[in-house]
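Work through the exercises below with the structure open. Try each task before you read its solution.

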Amino acid sequence: MAGRKTATPPGTLDLLILKAVSLEPLHGVGIAARIGQITAGTFQVSFGSLFPSLHQMEERGWLAAEWGTSENNRRAKFYRLTPAGTRRLKVEEEDWRRMVGVIDLALRSS
Amino acid sequence: MRSRVAAFFRNWFGRRAAEESLDEEIRSCLEILIVQKIAAGSDPQQARRAALIELGGVEPLKEKVREVKAGHVLATFWRDVRFGLRALRLNPGFSVVAILTLALGIGANSAVFSVINGVLLQPLPYPESDRLVRIYQQNSPTNRFSLSVVDFQALQELQNSFESVGGLARSRGIVTGSGRPEWVRVARVSPGFFETMGVLPAVGRSFLDGEGAAGGESVVVVSHSFSRNHFGEAATALGQTLTLDGTASRVIGVMPPGVRELAGVEADLWPVLQLSTPARRGPFFLLAIGRLRTGVSLDDCRLDLADVSRRVFPIWEDTFQDETARLTPVSLREATVGDVGTALLLVFAAVMLVLLIAVTNVVNLVLARASRREREMALRSALGAGKGRLARQLVAEGVVLGGLGGLAGRLLAGAGVRALVTLMGDLPRLQEVGLDLTVVGFTSLIAVMSGVCFGIAPLLFSVRSDLATSLKGDDRGVSAGGSAQIFRNLLVAAEFALAVPLLVAAGLLLTSLWNLQTVSPGFDASNLVTARLELPSASYPDDLSIQRFWNEALREIEGLPGVLDAGISSGVPPDEPGVTNNFDLVDKPVEPGARQPIAPWLIVTSGFFDALGLPLVEGRWFDSRDHGESSPVAIVSRSWAEHFYPGESAVGRRLVSGGCTSCEPTTVVGVVGDLKLQGLDGGGQAVFIPFGQVAWRWMTLVARVEGASSSGIRLLIDKLQEQDPNLPLAQTATMQERLSASVSKPRHWTLLLGLFAGVAALLAAIGVFGVLSYFVSRQGREMGIRMALGANRNDLVLLVVRRGMVLAVAGLLAGLAISIYVTRWMQTLLFQVDPADAVVLAGVCLLLLLVALAGCYLPGRRAALVDPRQALMSE
């Protein structure tokens, strides 16, 4: 993966995780890879932040976990989006866009 | 939120499963990463290392996940608690000593606090008890006394601050009729008394206003237990008649179960108080209670009562002069508890000191142990535990220790309260004392607070941030030297300093008690027996009949073999003067309106003086010249004569008794040796009146008999019984028993304080022992070096002992300074002892030095047994 590798901005990790698993259920390593992929390699998620967030979101009911088999025939824990999680993704997306709009507005004013 | 809560319960009850699941998840991710890296070209070993680095280590990662899961804090706390318990189990020596020390300190504290709570702090068990007031007469800041009938009636008619007022006259009485005549405690109360207190009979009714008039029907309210013993069920008691002091009284009410005393006076029966219009202002025997109107303060009340006093007292001036006397209100709680407060607070202070010493000891023990765990702490730190995490763990362990100590203390407290209640049987309100919730809360608070102390103490000194040094295992870390050692030494010195005031106080009380017990009561107390008797008014309606009975009885008794002398008196040494009367000296009267002097006023036969063996200093004894028709005479005590007629003879002087200016003055005909009547610590003034001139219903027979006292008493009782078979039982005691009972209260306090002081000294010894033991175990290498350099074993022992003694002496000096300052206010509790008594102070110093030596002994011996080669090689 090329490009600057930076950690995700604070507060955006949950959003990115939700987005990453919205397409299909993934295990921890897979989610990290997917986030790198959908951000064109810019954001590198550390496992030390990822796993705690995954477990927290599972406890909050946005993700559901199931044991399955990985692509290389290893047992792994897969996370998928729950209906509540889907709603949460939408909410966070809207919040993000609104925030970006506001900052944009602020920066454009003279 | 709901799912978080569900997660909490899932995490808590499925802990093991969750842990396994987490482990499997992280490891599977590790595997996947490794496989990916191998597929990308790394060799297995490199792939593994790279994967681990990328994950950040399996354990740290797992820990990070655990930290965010619901219920994490609780789980870690629980784990720490379990670890703490296991650590305590593995260190039985430390644990047992620490927990016992805490149990002692906390238990003693809670027990005493329970007593203080019940006696001092809790409100009285009456409805709205803060509005209850006891009304005294007060004529000086320190002199309060009861009311006379005049005062009470004036109070009832003229006061404005109370919504109701009640009066009480206490006495003992005899109930006859059913079986054996029986002594009962009697409290005659006015109509309105029960309403004032707020405690009404459960069955029947209380008194009507009209029933308080003289000459009316005798009605009585009985206690529940009395009713049960005599009539069975409460309801059947109503309407029954009982004979009290020869008078038939009708039962009109039964008090609720458990009511044994009202306004601080214990009673079995509450007959109605019937008052007639008085002829003179004295005597003073009524206890008056008032319930303040809502909104009226104690100060308002005081002004109102002063006004009443001003209006009424001048009317009765001829029979009692006292310009300064005022009716004064005192809150009932203060009146009941009185000066017990000071003594109790003293005990509480003592107990607090012991607790402080106990906690100090345990902190010391904890610190000593903590230093040995530095390596463990360093390892944990390396494994990823943050400073905060370590701190939480240490605090949890401390709380476990404190909690166990508190639990043990709670058990001890229960036993302690029972012991205290038995020991201090004469404290007011003692029946209200119990180990209640307040105290349990108090105990728990102390336990938790001390637990936190124990947890934090090691943190302040032991947890190093320099991992490397700690991991190397250099045992002489921070906690072995430098600031930690100084702190521990200070703690031990402080323990000694705190033990000193306790020991000094105990020593002073002991000396005071000794003085009390050895002071001469004025006579030889051996072979003296007493029997107190009341002649019922039904069979002995007047003075003549009373005198006839006693003259006959005394003649018979003196004729008995083995009886050397016998006499009767209205008062008994050492602490029952009977009546104190006011008087005025004819040739040296006091200013009009000023307070007249008072003295114990006893009615006696001359046999009384003979039985006690009092010497005649001047003048003559009473004899047949002194009878009802002749002029009133009196014999006075030596100190009375010296006080009122210093350097002159008191014989022939005249005095006016009881403010009765219209009566014939009394002439002093003799002076006798002093006799203690107002307690062994009281003075010896007394005035004696011949029985031939004034007879009294209540008299005590005093006789000197040969041989064993209990058989002597039997003789007397039988003789009295012979005179009148219907006589109720007499209260008997030997004079020795009376003297001993007289000092029972000081004896209790001394015992209690002595106990605490002993515990404090013991704890101080343990403290110095602990610190020195630790010192010896740590300085092994240094000891070895010294021996190699030529020191012999004795030098080593001396080194250790000197170290310990320096601490003890430093503490001792500090403690002496504290105690000299503090014991000053103990003066009121001491009899003929100076608070800075040199003997006591010297004795305490000696004792503590011995105690310190005892504490140094074992560690010293251990130092002497150190093998120099092993010591040098072990580090």
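**Exercise 1. Find which residues form the nonpolar surface patch with about 490 Å² of accessible area, and place Trp96(A).**

Step 1. This is a predicted model. The patch consists of Trp96(A), Met99(A), Val100(A), Ile103(A) and Leu107(A). Together they offer about 490 Å² of accessible area.

Step 2. Locate Trp96(A). Its helix is helix 4 of chain A, residues 83–108.

Step 3. Check the exposure of Trp96(A). Its relative accessible area is 36%. A patch residue needs over 30%. Trp96(A) is classed as partly exposed.

**Exercise 2. Describe the salt bridge between Asp104(A) and Arg108(A).**

Step 1. Take the distance. The closest N and O atoms are 3.7 Å apart. The cut-off is 4 Å.

Step 2. Place the partners. Both lie in helix 4 of chain A. They are four residues apart, about one turn of the helix.

Step 3. Classify each one. Asp104(A) has a relative accessible area of 38% and is partly exposed. Arg108(A) reaches 63%, so this residue is exposed.

**Exercise 3. Lys69(B) forms a salt bridge with Glu59(A). Decide whether each partner is buried or exposed.**

Step 1. The closest N and O atoms are 3.8 Å apart. This pair crosses between chains. Lys69(B) sits in the loop between helix 4 (58–68) and helix 5 (72–90) of chain B. Glu59(A) belongs to helix 3 (residues 47–60) of chain A.

Step 2. Apply the cut-off: buried means under 20% relative accessible area. Lys69(B) has 19%, so it is buried. Glu59(A) has 3%, so it is buried too.

Step 3. Set the pair in context. The count over all chains is 37 salt bridges.

**Exercise 4. Trace the network that includes Asp23(B) and Arg27(B).**

Step 1. Start with the pair itself. Asp23(B) forms a salt bridge with Arg27(B), with the closest N and O atoms 3.2 Å apart.

Step 2. Why are they about one helical turn apart? Because they are four residues apart in helix 2 (residues 15–39) of chain B.

Step 3. Check exposure. Asp23(B) is partly exposed at 22% relative accessible area. Arg27(B) is partly exposed at 38%.

Step 4. Follow the shared partners. Salt bridges join Glu19(B), Asp23(B), Arg27(B), Glu59(B), Lys62(B), Glu63(B) and Arg66(B) into one network.

**Exercise 5. Describe the surroundings of Ser639(B).**

Step 1. Ser639(B) lies in helix 21 (residues 638–644) of chain B.

Step 2. Its relative accessible area is 16%, so Ser639(B) is buried.

Step 3. Set aside neighbours within four places in sequence. Ser639(B) then contacts Asp674(B), Gly684(B) and Gln685(B).

Definitions and conventions: Residues are numbered from 1 along each chain as its sequence is written. Chains are lettered from A and ligands numbered from 1 in the order in which they are written. This is a predicted model: local features need pLDDT of at least 70, side-chain atom pairs count only at pLDDT 80 or more; totals for chains, interfaces and linings use all residues. Side-chain values use heavy atoms; hydrogens and water are left out. Patches are made of residues with over 30% relative accessible area and no salt bridge: like charges are joined within 9 Å, nonpolar side chains (Val, Leu, Ile, Met, Phe, Trp, Tyr) within 5 Å. Accessible areas come from the Shrake-Rupley method with a 1.4 Å probe; for residues, only the protein chains shown count as cover. A salt bridge is a side-chain nitrogen of Lys or Arg within 4 Å of a carboxyl oxygen of Asp or Glu. Helices (H or I, at least four residues) and strands (E, at least two) are DSSP runs, numbered from the N terminus. Buried means under 20% relative accessible area, exposed over 50%, partly exposed in between (1.4 Å probe, protein chains only). Contact means heavy atoms within 4.5 Å.
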